[in-house]
Amino acid sequence: MALAFDEFGRPFIILREQDQKTRLRGIDAQKANIAAGKAVARILRSSLGPKGMDKMLQGPDGDVTITNDGATILEQMDVDNQIAKLMVELSRSQDYEIGDGTTGVVVMAGALLEQAERQLDRGIHPIRIAEGYEMASRVAVEHLERISQKFEFDVNNYEPLVQTCMTTLSSKIVNRCKRSLAEIAVKAVLAVADLERRDVNLDLIKVEGKVGGNLEDTELIYGILVDKDMSHPQMPKQIEDAHIAILTCPFEPPKPKTKHKVDIDTVEKFETLRKQEQQYFDEMVQKCKDVGATLVICQWGFDDEANHLLMHRNLPAVRWVGGVELELIAIATGGRIVPRFQELTPEKLGKAGMVREKSFGTTKERMLYIEHCANSKAVTIFIRGGNKMMIEETKRSIHDALCVARNLIRNKSIVFGGGAAEIACSLAVDAAADKYPGVEQYAIRAFAEALDSVPMALAENSGLQPIETLSAVKSQQLKENIPFYGIDCNDVGTNDMREQNVFETLIGKQQQILLATQVVKMILKIDDVISNSEY
Amino acid sequence: MASMMQPQIILLKEGTDTSQGKAQLLSNINAVTAVGDVLRTTLGPRGMDKLIHDDKGSVTISNDGATIMKLLDIVHPAAKILVDIAKSQDSEVGDGTTTVVLLAAEFLKEAKPFVEDGVHSQNLIRSYRTASTLAIEKVKELAVSIEGKSVEEKKGMLAKCAATTLSSKLIGGEKEFFATMVVDAVMAIGDDDRLNLIGIKKVPGGNMRDSFLVDGVAFKKTFSYAGFEQQPKKFLNPKILLLNIELELKSEKENAEIRLSDPSQYQSIVDAEWNIIYDKLDKCVESGAKVVLSRLAIGDLATQYFADRDIFCAGRVAEEDLNRVAAAAGGTVQTSVNNIIPEVLGTCEIFEEKQVGGERFNIFSGCPSGRTATIVLRGGADQFIEEAERSLHDAIMIVRRAVKNSTVVPGGGAIDMEVSKYLRQHSRTIAGKSQLFINSYAKALEVIPRQLCDNAGFDATDVLNKLRQKHAMQSGEGASYGVDINTGGIADSYANFVWEPAVVKINAINAATEAACLILSVDETVKNPKSESAQGDAAAGAMGRGRGGGRGRGMRRR
């Protein structure tokens with residue numbers, strides 16, 4: 001890459017390692033960037049909607065992921081191109097903020113880029129396109145607000161929430177039992193939700209999966225599930241009304257942190273030391289017994305001797321429980337984490353109505369259920385499925401459903417899915433376009449056209465005639481002035497999304513439009529790409 | 001034969017490359033112009049961004065002149081001067097970095113024909129210096145003071161300045177939103193000259209309108225141990241204890257070793273260690289603090305201990321965040337838990353842990369001293385937020401500058417046109433060569449409006465002529481006319497609130513003139529050979545240029 005030449009035609013060396021750098025500028029840079037962005041969108045396009053297909057991705061270590069979730073697909077693809085990376089981040093931020101609609105946002109951005117390319121060919125300045133898009137996005141977001149509907153629900157009447165979650169799940173591989181999964185997700189969210197503050201801490205919902213069984217066996221446990229078993233096979237498998245001591249200290253003789261050395265020079269001393277150790281174990285177990293614990297859950301391991309002693313004293317115990325799980329157990333059972341045996345008091349014990357060990361199928365694997373906890377603010381969704389990939393995908397789908405339910409608790413407004421909201425926005429934006437003087441008008445129209453691409457992709461993926469279907473729905477919406485008509489993906493016979501109960505959250509949709517516009521603006525604004533040639 | 005030969009005089013080390021004379025001067029000017037051309041397209045509200053990969057493969061998308069110059073990794077000695085002036089403009093004023101580079105390049109470009117015609121560069125330099133003094137005086141004269149206005153009015157004016165800066169950036173679409181935010185942030189920290197009191201936190205996700213300003217401190221939840229979730233997450237008027245010690249069970253002395261001869265003493269050692277940490281924790285609790293922050297780790301033991309006593313704690317808080325909390329809440333960072341007196345504890349109205357996007361944030365708001373502000377930036381992609389941060393930094397600097405030297409000038413190229421007109425008029429009164437040079441300096445100033453038009457895709461010549469006509473009006477009413485970026489015509493920048501602090505322009509003119517004069521005064525470059533044997537292609541290329549650059553004295557170096 002040479003920036004300038006002297007009078008003899010030799011290049012100046014202005015930049016370090018100048019000849020190893022390449023530079024792409026002006027319209028070429030924009031075209032190249034748009035092409036990269038579109039390529040990413042094209043990959044995801046076929047995953048959109050209830051009839052969308054899944055992608056199989058093989059990681060560098062040979063691990064296989066099968067998914068339909070936009071954010072996951074892009075994450076695993078490991079793209080190298082910078083513009084493509086922006087698209088990946090786009091879907092990731094939708095994932096962080098909303099948790100659902102990660103495919104839609106990328107398809108939307110791709111469509112905007114495609115339209116922008118056309119406008120560029122017309123000779124419109126890229127920034128004016130971007131500004132037009134921004135104006136249009138504002139119109140669209142306002143329109144969404146207008147056509148949105150609020151629905152009421154409370155702890156007992158959660159049907160609307162289930163319906164919305166079902167819309168999300170219907171595009172996933174698990175749509176076979178979307179009803180039950182949606183119910184599980186909604187119940188889980190309601191269990192941990194703080195309805196007054198409208199806040200849901202999703203950390204309190206643990207999603208566990210185990211290979212085996214059917215998807216239908218997936219259950220919601222009002223309590224905690226730990227993938228551990230009792231430390232000794234002969235310990236009782238079921239404890240009712242358990243008082244749980246939650247420890248972060250090992251059943252081992254205490255060790256000072258400072259470097260230390262015990263000089264033993266006589267047999268007596270050795271004997272005392274051994275006795276002392278035994279005494280420690282004895283004291284520890286006794287301590288637990290004294291405060292009334294009927295179950296010990298420990299973050300660390302036990303000495304075999306301690307284990308034996310615990311068994312002997314009839315004090316069931318679980319060892320090597322991870323810190324996060326330990327914390328969840330503490331929250332669920334209302335106990336306190338105790339760092340030292342000396343600190344054990346009866347008040348610090350957690351309480352659970354039922355703790356049981358359950359084995360699965362013919363395998364020896366067991367899991368520990370802690371149920372009927374004092375404080376049911378922590379729940380576990382336990383997923384069963386035929387294979388690991390299925391479980392992983394179910395986890396992701398459940399995550400999406402949880403996020404949707406959470407968003408609804410935050411903001412009760414919904415819009416209609418199946419492309420209905422997009423079509424309504426497209427109409428609104430198109431109508432608004434004429435009010436803007438100047439070049440931006442064209443960009444606004446282009447935005448309206450780009451909005452059509454989501455229903456178009458939905459129709460395409462469902463095996464319908466995209467253009468025919470879209471125009472039919474569009475005219476229907478315009479004629480009757482009702483924004484509920486969408487694409488009838490499942491061939492139910494009606495395209496009234498109210499009847500089909502296809503809902504999406506308002507904030508999710510708004511976020512999609514705003515984020516896509518933002519990233520497209522960023523891509524359009526770049527007119528100079530300077531890179532090392534190996535990239 | 002040997003006796004006949006003149007002994008060769010070798011002055012410089014082998015491989016040294018020198019070039020000198022007029023050709024050298026011209027080649028320097030060419031190089032600078034080339035660099036200026038790279039930056040050219042980023043100017044103004046319709047300016048474009050650059051995407052730059054660096055050696056490590058990380059990528060920056062930016063519109064900020066100084067950032068681009070830094071990332072370009074320029075090695076050409078003359079062109080490097082441009083990098084320096086961009087940097088100095090950045091650290092001095094914070095904005096106008098593109099302007100300064102463009103001006104410098106343009107001054108040199110105008111000087112080039114004169115140099116080619118054999119004008120002595122010192123003559124040029126002298127005239128340029130005079131011109132710059134005159135220009136700066138004119139800018140000062142034209143500047144409008146915003147002093148003496150009420151706080152509300154002043155805020156509005158400052159917001160206008162911030163909006164002008166932001167309009168050229170990626171977040172230009174939301175400039176009013178961010179401009180108010182920046183002004184509020186700057187007003188919050190008062191006259192204190194500590195910019196690090198304004199924190200900018202970046203949280204990917206969300207859209208930029210979700211960004212918000214905290215009148216206090218906010219930082220990301222730190223790494224926490226089990227038990228953390230059981231701590232209360234919201235306090236009203238809590239006492240805040242700031243520490244710089246570890247609250248962990250660990251060996252007190254690194255190299256100490258305990259030798260026990262009597263095993264029964266074992267327990268006492270263990271107890272002693274536990275007592276040390278419990279003692280520390282007790283003291284923290286006794287102080288009455290409800291929020292304990294430490295720059296170093298707060299271990300699991302301490303976390304659970306505090307959780308038991310309904311105290312919130314966060315370990316490994318970044319130093320700058322801790323300092324900000326100290327400044328905001330009015331506390332002092334303690335290096336010991338002994339003798340905690342109430343004065344060292346800070347306080348704030350509300351402390352809360354809040355979910356922001358995918359992260360949880362600790363937010364201290366309503367702090368008594370009110371000397372800090374934190375902007376939490378949201379955006380769709382990392383690159384986006386990075387660029388937004390740079391833009392906000394510019395805006396913050398501008399507002400700070402405007403607060404201090406509260407004079408503004410109309411932007412949009414209006415001030416440049418006016419100064420240019422003034423210099424042209426002035427040059428007519430000079431007899432001698434200087435007239436030409438000052439005239440060309442005046443012409444160079446027109447690069448700003450011209451480039452604004454070019455970037456927006458307008459006919460620059462047309463717009464410039466309209467502007468010249470306005471500015472030439474005797475009444476002086478056209479003095480604040482600049483490029484109207486929306487319609488492609490001209491408009492009164494002052495009335496349209498396109499304002500810049502005068503100090504930006506003054507500094508830009510000064511720095512650009514200095515740089516131009518510096519480059520003009522160089523007539524010889526001596527380039528030492530690379531110290532290592534690794535003389536790559538770059539060195540070979542440099543040699544090539546050196547040879548082309550004409551060496552007058554024919555000294556042989558081989």
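The following exchange introduces selected features of a predicted model.

Residues are numbered from 1 along each chain as its sequence is written, and chains are lettered from A and ligands numbered from 1 in the order in which they are written. In this predicted model local features need pLDDT of at least 70, side-chain atom pairs count only at pLDDT 80 or more, and totals for chains, interfaces and linings use all residues, while side-chain values use heavy atoms, with hydrogens and water left out.

Trainee: How far apart do the C-alpha centres of domain 1 of chain A and domain 3 of chain A lie?

Mentor: Domain bounds here come from an automatic or database domain assignment. Chain A is divided into domain 1 (21-150 + 416-489 + 503-532), domain 2 (152-222 + 377-411) and domain 3 (225-375). Between the C-alpha centres of domain 1 and domain 3 of chain A, the distance is 54 Å.

Trainee: Is α3(A) roughly parallel or roughly antiparallel to α17(A)?

Mentor: Helices (H or I, at least four residues) and strands (E, at least two) are DSSP runs, numbered from the N terminus; axes are lines fitted to C-alpha atoms, for helices over the stretch in contact, and angles run from 0 to 180 degrees between N-to-C directions. Helix α3 (residues 82-97) and helix α17 (residues 506-525) of chain A pack at about 160 degrees, with their axes 10 Å apart. Angles under 35 degrees count as roughly parallel, over 145 as roughly antiparallel, 65 to 115 as roughly perpendicular and the rest as oblique. That angle therefore makes α3(A) and α17(A) roughly antiparallel.

Trainee: How does the contact of α4(A) with α5(A) divide by class?

Mentor: Helix α4 (residues 102-121) and helix α5 (residues 126-147) of chain A pack at about 135 degrees, with axes 10 Å apart, and are therefore oblique. Contact means heavy atoms within 4.5 Å; A:Leu112, A:Gln115, A:Ala116, A:Gln119 and A:Leu120 of α4(A) meet A:Pro126, A:Ile129 and A:Tyr133 of α5(A). Ala, Val, Leu, Ile, Met, Phe, Trp, Tyr, Cys and Pro count as nonpolar, Asp, Glu, Lys and Arg as charged, and the others, Gly among them, as polar. The result is 6 nonpolar, 2 polar and no charged residues.

Trainee: How many charged residues has the contact of α3(B) with α11(B)?

Mentor: The axes of helix α3 (residues 77-92) and helix α11 (residues 382-404) of chain B come within 9 Å and cross at roughly 60 degrees, so the two helices are oblique to each other. B:Asp90, B:Ser91 and B:Glu92 of α3(B) make the contact with B:His393, B:Asp394, B:Met397 and B:Arg401 of α11(B). Besides 1 nonpolar and 2 polar residues, the number of charged residues is 4.

Trainee: Which strands stand at the edges of the open sheet in chain B?

Mentor: Strands pair if DSSP finds at least two bridges between them. The 3 strands run in the order β4-β18-β21 (chain B), with antiparallel pairing. Each edge strand has a single partner, so one side of each is left without a neighbour in the sheet; these are β4 (144-145) and β21 (499-501) of chain B.

Trainee: In which strand of chain A does A:His372 lie?

Mentor: Most residues other than glycine have a negative phi. A:His372, a residue other than glycine, has a positive phi near 50 degrees. The strand that holds A:His372, spanning residues 366-373 of chain A, is β14.
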